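Trainee: I would like to go through the terms used for this model and hear what each one rests on. Where should we begin?

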Amino acid sequence: MSKPILVIKFGTASITRENGDLDETVIAGIARQVAELHASYHIVLVSSGAVAAGRQFLKNYSGSISERKAAAAIGNPLLLSKYSKYFAPYDIAVAQSLCERHHFSNREQFLQLKRTYEELWENNIIPIANENDVVSNTELKFSDNDELATLIAVGFGATQLLFSTSVAGVLDRDGNVVPKLDVIDQQALGLADKEKSALGLGGMVSKLTFARLATRMGIQVVIFGIRTTDGILNAISGNTGTLCLPQPCSMPARRKWLASGSLVTGRILVDAGAEQALASRHSLLAVGIKEVLEKFEEGEVIEIVNENNIAVAVGRAKLSSDVLEKSGRQQNTEVAHADDIVLL
């Protein structure tokens with residue numbers, strides 16, 4: 001693509017008032033700032049808020065799964081219409097993209113999604129992504145839109161990922177914004193408030209967790225307050241919020257997808273010899289597998305854990321767990337090729 005890719009995620013608490021109504025002042029500010037960036041970036045907006053926008057139409061809303069799905073069905077068109085309204089003065093059209101987990105776990109579907117976004121960008125249209133809450137299976141859903149934004153950013157090769165919040169950024173123990181995190185380690189994760197907002201599913205723990213993944217994939221992340229003056233524009237330049245520095249990463253796109261976008265369906269336990277072989281970029285052989293912890297089919301993505309039950313890699317299986325357990329151990333069978341393995 002001729003322009004760098006920028007992904008901006010807006011949480012429910014960012015774009016709603018305390019009563020849950022959409023805050024049109026905030027949405028108008030988003031449109032104004034994004035319009036300034038539109039000529040310089042291919043932009044994806046990942047926006048929560050559909051459930052919050054729709055729940056007011058349901059009697060005695062209690063937050064059950066079926067009620068959330070119904071609220072999302074009502075709220076999705078309402079949310080998109082607000083964005084359309086405030087982008088229209090800048091002659092920018094927006095498109096809705098309702099995503100499900102399998103759109104990222106299946107590489108062919110992921111590439112189709114990417115090509116669709118590229119077509120939208122070629123026509124100067126900004127896609128607005130959200131989880132398809134109406135039909136998403138609760139067992140296969142995104143943990144929240146922080147994850148969705150990260151999968152898009154990593155999979156599409158974004159240079160920057162912005163997480164907007166209802167606070168000014170990551171705060172230290174004294175309540176001051178931490179201006180920069182060179183690396184997101186356990187100490188940085190410990191800064192996050194474990195509480196979640198009343199309206200959204202995520203929180204600072206989620207943002208830092210996915211910021212950690214994104215930065216490891218070479219993406220610059222900024223966690224900033226949406227109600228800060230020109231918050232988006234200042235976040236781009238690193239002048240507001242918390243700047244999370246990208247780490248060196250030469251991983252090709254396919255491995256980035258495998259490490260971040262694929263849906264792990266099986267787990268295997270390997271011995272120390274196999275772990276060392278993986279670290280040396282060798283394929284995974286059946287002889288090094290001690291136990292199948294969770295079954296899988298041929299072609300599915302498996303998590304590879306060591307003898308301390310720590311995940312050391314993910315890989316795409318060349319055979320099913322049934323075949324492996326029945327006959328694979330009797331020969332020097334390749335369970336996952338080195339090109340299909342990503343070290344964690």
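Mentor: With β12 and β13, which form a hairpin with 5 residues between them. This is a predicted model, in which local features need pLDDT of at least 70 and side-chain atom pairs count only at pLDDT 80 or more, while totals for chains, interfaces and linings use all residues. Residues are numbered from 1 along each chain as its sequence is written, and side-chain values use heavy atoms, with hydrogens and water left out.

Trainee: What makes β12 and β13 a pair of strands?

Mentor: Strands are DSSP runs of E with at least two residues, helices are runs of H or I with at least four, and both are numbered from the N terminus. β12 covers residues 301–305 and β13 covers 311–316. Two strands pair if DSSP finds at least two bridges between them. Here 5 bridges join the strands, which run antiparallel, so the definition is met. One of the partnerships is V301 with R316 in β13.

Trainee: Which residue in the turn has a positive phi?

Mentor: N309, with a phi of about 60°. D91 has a positive phi too, near 55°, and is not a glycine. D91 sits in the loop between α4 (65–87) and β3 (93–99).

Trainee: Why is D91 called exposed?

Mentor: Exposed means over 50% relative accessible area, buried means under 20%, and partly exposed is in between (1.4 Å probe, protein chains only). D91 has 73%, so it counts as exposed. As for β12, 4 of its 5 residues are buried, and the strand is mostly covered.

Trainee: Why is D340 called buried?

Mentor: Its relative accessibility is 17%, so D340 counts as buried. D340 lies in the loop between β14 (334–336) and β15 (341–343). Beyond its neighbours within four places in sequence, D340 is in contact (heavy atoms within 4.5 Å) with R254, L258, V314, G315 and R316.

Trainee: How do you know that D23 and R227 form a salt bridge?

Mentor: The term requires a side-chain nitrogen of Lys or Arg within 4 Å of a carboxyl oxygen of Asp or Glu. The N to O distance for D23 and R227 is 3.3 Å, and the pair therefore qualifies. The partners are 204 residues apart: D23 is in the loop between α1 (12–15) and α2 (24–37), and R227 is in the loop between β7 (220–225) and α10 (231–236).

Trainee: Are D23 and R227 buried or exposed?

Mentor: D23 has 11% relative accessibility, so it counts as buried. R227 has 45%, so it is partly exposed.

Trainee: What makes R32 and D230 a salt bridge?

Mentor: Their closest N and O atoms are 2.9 Å apart. This pair also links distant parts of the chain, with R32 in helix α2, D230 in the loop between β7 and α10, and their positions 198 residues apart. At 32%, R32 counts as partly exposed, and so does D230 at 27%. D230 also has a positive phi, about 50°, although it is not a glycine.

Trainee: How many salt bridges does the structure hold?

Mentor: It holds 14. Another of them joins R115 to E108, with closest N and O atoms 3.3 Å apart. K9, D146 and K207 are joined into one network by salt bridges that share partners.

Trainee: What makes a set of residues a nonpolar core?

Mentor: The members are buried Ala, Val, Leu, Ile, Met, Phe, Trp, Tyr and Cys residues joined through side-chain atoms within 4.5 Å. The largest such core has 44 residues, of which V7, Y117, I152, L161 and L208 touch the most other members. Helix α7 (residues 145–156) supplies the largest share, 7 residues. Apart from this core lies another, of 35 residues, among them I15, V34, Y41 and L233.

Trainee: Which residues is L161 in contact with?

Mentor: Sequence neighbours within four places aside, they are V7, A149, T150, A153, A214, I219, Q220, V221 and V222.

Trainee: Why are V167, L171 and V177 called a nonpolar patch?

Mentor: Patch residues have over 30% relative accessible area and no salt bridge; nonpolar side chains (Val, Leu, Ile, Met, Phe, Trp, Tyr) are joined within 5 Å, like charges within 9 Å. V177, in the loop between β5 (160–165) and β6 (180–181), has 33% and so counts as partly exposed. Together the three have about 180 Å² of accessible area, from the Shrake-Rupley method with a 1.4 Å probe, where for residues only the protein chains shown count as cover.
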